[in-house]
There are 2 protein chains.
Amino acid sequence: MTPRRREPLSRDRVVASALALVELHGVEALSMRKLAAELGVEAMSLYNHVANKDDVLDAIAEVVFADVALPPPTADWRVDARALADAFRAAALAHPRTASLSLARQLGYPAVPVTEAALDVLARAGFDPEQAVHASRTLLAYVIGTLLREIGSGPPDETREPALVATGLPRVAEAARHLAVCHHEAEYRFGLDLVLDALALRAVGAAGGPSAR
Amino acid sequence: MTPRRREPLSRDRVVASALALVELHGVEALSMRKLAAELGVEAMSLYNHVANKDDVLDAIAEVVFADVALPPPTADWRVDARALADAFRAAALAHPRTASLSLARQLGYPAVPVTEAALDVLARAGFDPEQAVHASRTLLAYVIGTLLREIGSGPPDETREPALVATGLPRVAEAARHLAVCHHEAEYRFGLDLVLDALALRAVGAAGGPSAR
DNA sequence: ACCTGAACACCGTTCAAGT
DNA sequence: ACCTGAACACCGTTCAAGT
């Protein structure tokens, strides 16, 4: 019978509990009623702290990217760009089951510091503010697309390679061995290097004069 | 009282109806009961043709990319790569409200022809089969990431720019005018050019000898 | 101010029964 | 073989009532 036999409910407690439930059982298993039960309360009490279920889902998405551990800048913008992309990826992979929420919804205001860091890196690479916005969007689109593939891909599946060969499509059959598997880390790194190379080229062009083309 | 007063139910009719409902009212509004009503049948009848609701959602995702209008090859692989990316984007944008289904789930077997076309383009660019797989995954990740941003972004919002300035973050404030808006078509093209440039560079390297680096 | 009981209008899915 | 009625075990959310 301590004075705080039960923590008072709060928006933060509701959201934290919801994130935990999603991480444990997946988004589709989250219900307002189970969330309330988890918090030792009736479902209707939640509505004093969140607007509705969608509000809860938005809040979960925001928490994920509020967690991005921004790397300290170095002298090499390429190193910094890579570190920032890695940090973003790490934050998403820390909560894989929230991916469909955090990646599909528009990145909210808690993600603004990530944008600041990206624009800073790209400014140091030589982009003017407008080009830096475009470049950062390209980089982020690549990273998010890669994460979506990684998080959505199931466990290894031995039937994939023979199925690909059986399509009879020549290029697919020829590459079936490589298409059947996906080493996510290496795949991410391959494309990231590629995008960074391209950004480096544009940055040099931009430094040579405004609106190079 | 014509003999076919009512078309017989079939998996294809169920899926087509589901796609139409999603396109009209969104994924969250799709229920087995409403789907059945749309088909003039009781909800339980659907289970003679589909395994469950998830099966329906998977089937919708497959239909979207079965529709990709593969462009005929030309003499210029760069033109072809762009045309293929454009065709993929067009297919996704033709059913924007299914995006969370079609882009987040693993691309199914109906999308294999797209992979064949991509690998063919990249082979003609000079990539060996393994490198072509990596390159195609990079390209697709970029396109999908861009689509997710495009489809997830709401209508223009006048409050965004002042909110960005108000963060006090210097790069964000400086670029607020450009961050506040997003011309999706132009943004997509910017990054696509960038990725294609980078692929062109790798292709040359690969043509110079196996495993350049 | 915050919590709750009861209720409303829904869900997906199973199963035994119909034709 | 295909369709259905009734039922089960759930949903999100509202509202008036409690403390």
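I count a polar contact as a pair of N or O atoms within 3.5 Å; within protein, one must be able to donate a hydrogen and the other to accept it, and residues adjacent in sequence count only if both atoms are side-chain atoms.

**Entry 1: conventions**

I am working on a predicted model, in which local features need pLDDT of at least 70 and side-chain atom pairs count only at pLDDT 80 or more, while totals for chains, interfaces and linings use all residues. Residues are numbered from 1 along each chain as its sequence is written, chains are lettered from A and ligands numbered from 1 in the order in which they are written, and side-chain values use heavy atoms, with hydrogens and water left out.

**Entry 2: DNA strand C**

I looked up the protein around strand C first. A residue is near a strand if one of its heavy atoms lies within 4 Å of it. DNA strand C has 17 residues around it, and A:Ser45, A:His49, B:Arg33, B:Lys34 and B:Tyr47 come nearest. Of the strand C atoms that come within 4 Å of the protein, 54% belong to sugar and phosphate.

I then went through polar contacts to the phosphates. The side chain of B:Tyr47 puts an N or O atom 2.7 Å from a phosphate oxygen of DNA strand C. B:Ser31 also uses a polar side-chain atom, at 3.3 Å from a phosphate oxygen of this strand. A:Glu42 uses its backbone instead: an N or O atom there lies 3.1 Å from a phosphate oxygen of DNA strand C.

Which element gives the most to the surface near DNA strand C? I find helix H2 (residues 32–38) of chain B, with three residues. Helices here are DSSP runs of H or I, at least four residues, numbered from the N terminus. By class, I get seven nonpolar, five polar and five charged residues near strand C. Ala, Val, Leu, Ile, Met, Phe, Trp, Tyr, Cys and Pro count as nonpolar, Asp, Glu, Lys and Arg as charged, and the others, Gly among them, as polar.

**Entry 3: DNA strand D**

I repeated the search on strand D. There are 17 residues around DNA strand D, with A:Met32, A:Arg33, A:Lys34, A:Tyr47 and B:Ser45 nearest. Sugar and phosphate make up 54% of the strand D atoms within 4 Å of the protein.

A:Tyr47 has a polar side-chain atom 2.7 Å from a phosphate oxygen of DNA strand D. Two backbone contacts also turned up. A:Met32 places a backbone N or O atom 2.9 Å from a phosphate oxygen of the strand, and a polar backbone atom of A:Lys53 is 2.9 Å from a phosphate oxygen of it.

Helix H2 (residues 32–38) of chain A supplies the largest share of the surface near DNA strand D, three residues. The classes near strand D are seven nonpolar, five polar and five charged.

**Entry 4: domains of chain A**

I noted the domain bounds, which come from an automatic or database assignment. Chain A splits into domain 1 (11–50) and domain 2 (64–152 + 183–206). Their centres, taken over C-alpha atoms, are 31 Å apart. With contact meaning heavy atoms within 4.5 Å, eight residues of domain 1 touch six residues of domain 2 in chain A.

**Entry 5: cavities**

I searched a 1 Å grid over the protein atoms alone; a cavity is a set of points where a 1.4 Å probe fits but cannot get out, and lining residues have an atom within 4 Å of a point. Points join across faces, edges and corners, and a volume is the space filled by probe spheres set on them.

How many cavities of 30 Å³ or more does the structure hold? I count three. The largest has about 60 Å³. Its lining includes B:Phe65, B:Arg105 and B:Pro110. Helix H3 (residues 53–66) of chain B gives the most, with three residues. Five lining residues are nonpolar, three polar and two charged.

The second largest cavity holds about 50 Å³. Among its lining residues are A:Glu62, A:Phe65 and A:Pro110. Helix H3 (residues 53–66) of chain A has the largest share, three residues. The classes there are five nonpolar, three polar and one charged.

**Entry 6: second largest pocket**

A pocket is an open set with protein on both sides within 12 Å along at least five of seven lines. The second largest pocket has about 1200 Å³. I list 40 lining residues, with A:Arg160, A:Leu179, B:Gln106, B:Leu107 and B:Arg137 nearest its centre. H7(B) gives the most to this lining, with seven residues. The lining divides into 25 nonpolar, eight polar and seven charged.

Definitions and conventions
Helix = DSSP H or I, 4+ residues; strand = E, 2+ residues; numbered from the N terminus.
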